[in-house]
Amino acid sequence: MNKIIEIKNLRKYYHDKNGETLAIDNISLEINKGDFISIIGTSGCGKSTLLSILAGLETKSEGIIKYNKKNFKIGYMLQKDSLFPWRTVLENCLIGLEIEKTITKEKKEKVISLLEKYGLKEFINKYPSSLSGGMKQRVALIRTLAINPDILLLDEPLSALDYQTRLTLSDDLYKIIKEEKKTAIMVTHDLGEPK
Ligand SMILES: Nc1ncnc2c1ncn2[C@@H]1O[C@H](COP(=O)(O)OP(=O)(O)O)[C@@H](O)[C@H]1O
Ligand SMILES: [Mg+2]
């Protein structure tokens with residue numbers, strides 16, 4: 001097993017005007033390269049908090065998190081479609097590389113080939129407004145993959161979509177992540193029928 005993250009006895013308290021909230025109570029977890037981990041739970045049970053801590057956006061209160069290397073790279077994909085409407089699909093997918101200032105011809109071609117491979121060929125130079133909800137999330141995933149992260153964190157990537165699209169897209173996202181041999185944690189609060 002090739003362990004890439006080890007979480008031991010993680011706890012997280014939030015403090016605000018309402019007092020103290022225990023958001024994560026003693027979680028331990030090992031993540032191996034190539035794992036696809038699903039975290040399922042009701043609203044408010046601490047799922048987003050866990051991802052935010054792993055991404056370094058929130059601090060932990062107690063416990064240990066060990067990454068297997070320095071400069072461990074996190075790809076964080078949010079619940080809502082967060083594509084920039086004024087950028088084309090391709091320009092959206094290149095934004096991470098632009099921010100990192102690591103864009104090369106090869107990396108750009110790799111992004112284009114991912115878009116082509118996953119059914120977005122005709123939309124490469126279109127704007128997000130011309131995409132369906134499911135397509136937007138596929139673009140968001142490819143944008144996250146573009147920086148070649150060590151792990152993908154997906155926070156309820158299906159939740160803004162209708163039931164049928166959720167079913168199709170959960171298959172699509174799973175296939176893309178497996179095919180690209182990525183490690184992922186996907187958070188979701190429901191799997192089954194709509195309420
Ligand atoms: N920034 C914050 N300040 C105070 N409480 C928070 C904050 N973020 C989340 N919480 C609380 O922590 C708990 C877990 O929240 P969250 O991780 O967002 O749950 P989930 O993603 O599973 O719905 C909830 O009780 C929530 O109200
Ligand atoms: Mg959440």
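In what order do the four strands of the open sheet stand, and is their pairing parallel or antiparallel?

**Entry 1, the sheet.** I am working with a predicted model, and I began by tracing the open sheet, whose four strands I found in the order S3-S7-S6-S5 with parallel pairing. I then looked at the edges, where S3 (36-40) and S5 (74-77) each have a single partner strand, so one side of each is left without a neighbour in the sheet. I noted that neighbouring strands of this sheet are turned against each other by 15° on average, with direction ignored.

**Entry 2, one pair of strands.** I followed S3 to strand S7 (residues 184-188) and counted five bridges between them, in the parallel sense. Within this pair I picked out Ser 38, which stands opposite Met 186 in S7.

**Entry 3, a helix across the sheet.** I looked up helix H5 (residues 133-146), which lies across S5 and strand S6 (151-155) and runs at about 165° to S5.

**Entry 4, helix H4.** I turned to helix H4 (residues 105-117), whose 13 residues reach 18 Å from the first C-alpha to the last, close to the 18 Å expected at 1.5 Å a residue. Which residues of H4 are buried? I found Val 111, Leu 114 and Leu 115 to be buried, and because they cover an arc of only 100° around the axis, they lie on the same side of H4. The buried residues of H4 pack against helix H2 (89-93) and H5, whereas the face turned away from the buried side carries the exposed residues Lys 105, Glu 106, Glu 109, Ser 113 and Glu 116. Last, I noted that H4 is followed by Gly 119, whose phi is positive, near 80°.

Terms used. Residues numbered from 1 in each chain as written. Chains lettered and ligands numbered in written order. Predicted model: local features only at pLDDT ≥ 70, side-chain atom pairs only at ≥ 80, totals over all residues. Pairing = 2+ DSSP bridges. Axes fitted to C-alpha atoms, helices over the stretch in contact; angles between N-to-C directions. Contact = placed C-beta atoms within 7 Å. Expected span 1.5 Å × (residues − 1). Buried ≥ 20, exposed ≤ 12 C-beta atoms within 10 Å, placed from the backbone. Arc of directions from axis to C-beta.
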